[in-house]
Amino acid sequence: MVSSTDAYWTPLYARHFLGEGHEVRVFSMTPEPLRDEHVDVVHLCGDRPPRVPAAAWFLAQVPRLRRLLRAFSPDVVFATYMSSNGTA
């Protein structure tokens, strides 16, 4: 799952998928901890430097996200608000 750990829906979706028997890993572009200790979280980056625009910061993380997803090799990737995750 690709979603910000500070979004209120992230732990809700993660718990739902866990309850359905899926292996869940959250890839987050925000440094905040997830409010669910049963979910594996991968933080892609730390705090964005103040002088770096959000869109540039998030887009710079995409190659690392792709490598991590390829290594995890999920059947499905659920990405919430990926169309605007810092780029809109």
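Hi everyone, let me start at the surface with R70, which is exposed, with a relative accessible area of 57%. One thing to keep in mind throughout is that this is a predicted model. R70 sits in helix α2, which covers residues 54-72. It has company there: R64, R66, R67 and R70 together make up a positive surface patch.

Let's follow the chain just past that helix. S73 is in the segment after α2. What is the sign of phi at S73, a residue other than glycine? The value is positive, near 55 degrees. S73 is also exposed, at a relative accessible area of 52%. Exposed means over 50% here, so S73 falls in that class with its 52%.

Now for the charges that do find a partner. As a general point, side chains of opposite charge can pair when their charged atoms come close. How many salt bridges does the structure hold? The count is 1. The partners are R25 and D40, and their closest N and O atoms are 2.6 Å apart. Why does this pair tie together separate parts of the chain? R25 belongs to strand β1, residues 25-28, while D40 belongs to strand β2, so the salt bridge connects parts that are 15 residues apart in sequence. As for accessibility, R25 is partly exposed at 22%, and D40 is partly exposed at 36%.

Let me stay with those two strands for a moment. Strand β2 spans residues 40-43, and V42 is found in it. Is V42 buried or exposed? V42 is buried, with a relative accessible area of 19%. The cut-off matters for this one: buried means under 20%, so 19% puts V42 in the buried class. V42 also has a neighbour to point out, F27: the two are 15 residues apart in sequence, and their C-alpha atoms are 4.8 Å apart in space.

Over in strand β1 we have S28. S28 counts as buried, at 0% relative accessibility. If you go from S28 to H38, you move 10 residues along the chain, and the C-alpha atoms are separated by 16 Å.

Between β1 and β2 there is a loop, and E37 lies in it. E37 is exposed, with a relative accessible area of 70%. Which distance separates the C-alpha atoms of E37 and P11? They are 9.7 Å apart, with their positions 26 residues apart along the chain.

The next loop, between β2 and α2, is home to P53. P53 is exposed as well, at 51% relative accessibility. Its C-alpha atom is 20 Å from that of V2, and P53 and V2 are 51 residues apart in sequence.

I've saved the aromatics for last. How many aromatic pairs does the structure hold? There are 5 of them. One of these brings together Y8 and W9: their ring centres are 5.2 Å apart and their planes meet at 75 degrees, so the pair is edge-to-face. The angle is what decides this, because planes over 60 degrees apart count as edge-to-face. Y8 is exposed, with a relative accessible area of 58%, whereas W9 is partly exposed at 23%.

Another edge-to-face pair is formed by F17 and F78, at 5.5 Å centre to centre and with 75 degrees between the planes. Where do these two rings sit in the chain? F17 is in helix α1, residues 9-19, and F78 is in the segment after α2, so this pair links distant parts of the chain, 61 residues apart. F17 counts as partly exposed at 23% relative accessibility, and F78 counts as partly exposed at 29%. Y13 joins in too: ring pairs link Y13, F17 and F78 into a cluster.

So, a quick recap before you jump in. On the charged side, we have the positive patch of R64, R66, R67 and R70, and the salt bridge between R25 and D40. On the aromatic side, we have the Y8 and W9 pair, which is edge-to-face, and the cluster of Y13, F17 and F78. Thanks for listening, and I'm happy to take questions!

Terms used. Residues numbered from 1 in each chain as written. Predicted model: local features only at pLDDT ≥ 70, side-chain atom pairs only at ≥ 80, totals over all residues. Heavy atoms only, no water. Patch = residues over 30% accessible without salt bridge, like charges linked within 9 Å, V, L, I, M, F, W, Y side chains within 5 Å. Areas by Shrake-Rupley, 256 points an atom, 1.4 Å probe, with all protein chains shown as cover. Salt bridge = Lys/Arg side-chain N within 4 Å of Asp/Glu carboxyl O. Lys, Arg positive; Asp, Glu negative; His and termini not counted. Charge placed at Lys NZ, Arg CZ, Asp CG, Glu CD. Helix = DSSP H or I, 4+ residues; strand = E, 2+ residues; numbered from the N terminus. Buried < 20%, exposed > 50% of the residue type's maximum accessible area, 1.4 Å probe, protein only. Phe/Tyr/Trp six-rings, centres within 6.5 Å; stacked < 30°, edge-to-face > 60°.
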